[in-house]
Amino acid sequence: MKKLLFLACCLALIATISAALAQNFVSIQTSSVHVDSNSDDMRNSSTFNQQSSYSSGYQTSSVNLSATDLRQPHILRINTNGSQLNGDVILDGKVVKRLNGSQAEINLSPLLSTGEHVVEISGRYAPASSGITVELSGPGMTSSQQTSGNGVLNYTLNLSVH
């Protein structure tokens, strides 16, 4: 489990650095991923923090989930400390939630099955200087991303359910 978490964090870091190098250095992006994994015999906790500057606002995270845990809610929350957020949450190419207001919440568990899934969150928030947080929480785990500075949200969450 530690190796998988380490690999996921390394891949996220590589993707972020690659995107940062490919873009103009304009706004500041701050990301934080915290994953807790609980089992009967073991308790692991890992934190991955990164800060990079780039204009696109693209962020990507990968999370591994247990299919048996899908019996419990896996809540995706999107919050802005600004006044407005407009956009879409897309799961495997289908819009599953429209974003309108300063916060949104959706339980992904009933929408997921064993296999690979891609959650895309795109939208605009105002004022552009406000921050935005995307969080996935479920049994024994939390994954959180924070961004601010340009008013555009482009976030991809890769979910692997085994």
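**View 1. The E5–E6 hairpin of the predicted model.** Two residues lie between strands E5 and E6 in this hairpin. Asp-92 takes a positive phi there, near 50 degrees. Strand E5 covers residues 84-91 and pairs with E6 in the antiparallel sense. Seven bridges join E5 and E6. Val-89 has its bridge partner in E6, namely Lys-97.

**View 2. The Arg-98 and Asp-88 salt bridge.** Arg-98 and Asp-88 form a salt bridge, with their closest N and O atoms 2.7 Å apart. Arg-98 sits in strand E6 and Asp-88 in strand E5, 10 residues apart. How accessible is Arg-98? Arg-98 has 57% relative accessibility and counts as exposed. Asp-88 has 18% and counts as buried, because the cut-off for buried is under 20% relative accessible area. Side chains of opposite charge can pair when their charged atoms come close.

**View 3. The open sheet of five strands.** The strand order is E3-E11-E8-E5-E6. Pairing in this sheet is mixed. Why is one side of E3 and of E6 left without a neighbour in the sheet? Strand E3 (58-65) and strand E6 (94-101) stand at the edges and have a single partner strand each, so one side of each has no neighbour in the sheet. From one strand to the next, the twist averages 15 degrees. In a regular strand the side chains alternate between the two faces of the sheet.

**View 4. The parallel pair E3 and E11.** Strand E11 spans residues 152-161. E3 and E11 run parallel and are joined by eight bridges. One residue to look for is Val-63, whose bridge partner in E11 is Leu-159.

**View 5. Arg-77 and Glu-105.** The side chains of Arg-77 and Glu-105 meet in a salt bridge, at 3.1 Å from N to O. This pair links distant parts of the chain, with the two positions 28 residues apart in numbering. Arg-77 belongs to strand E4 (residues 75-80), and Glu-105 belongs to strand E7 (residues 103-107). Glu-105 is partly exposed, with a relative accessible area of 48%. Arg-77 also counts as partly exposed, at 26% relative accessibility.

**View 6. Arg-77 and Glu-135.** Glu-135 forms a salt bridge with Arg-77. The closest N and O atoms of this pair are 3.4 Å apart. Glu-135 lies in strand E9 (residues 131-138) and Arg-77 in strand E4, so the salt bridge ties together parts 58 residues apart in sequence. Glu-135 counts as partly exposed, at 24% relative accessibility.

**View 7. The salt-bridge network.** Which residues are linked in a network of salt bridges? They are Arg-77, Glu-105 and Glu-135. The count for the model comes to three salt bridges.

**View 8. The whole chain, for orientation.** The chain has one helix and 11 strands. From the N terminus on, the elements run α-β-β-β-β-β-β-β-β-β-β-β. Of the 162 residues, 43% count as buried. Among contacts between residues at least 6 apart in sequence, 72% join residues at least 24 apart. The accessible surface comes to about 8500 Å². Carbon and sulfur atoms hold 52% of that surface.

Notes: Residues are numbered from 1 along each chain as its sequence is written. This is a predicted model: local features need pLDDT of at least 70, side-chain atom pairs count only at pLDDT 80 or more; totals for chains, interfaces and linings use all residues. Side-chain values use heavy atoms; hydrogens and water are left out. Two strands pair if DSSP finds at least two bridges between them. Helices (H or I, at least four residues) and strands (E, at least two) are DSSP runs, numbered from the N terminus. Axes are lines fitted to C-alpha atoms, for helices over the stretch in contact, and angles run from 0 to 180 degrees between N-to-C directions. A salt bridge is a side-chain nitrogen of Lys or Arg within 4 Å of a carboxyl oxygen of Asp or Glu. Buried means under 20% relative accessible area, exposed over 50%, partly exposed in between (1.4 Å probe, protein chains only). Contact means heavy atoms within 4.5 Å. Accessible areas come from the Shrake-Rupley method with a 1.4 Å probe; for residues, only the protein chains shown count as cover.
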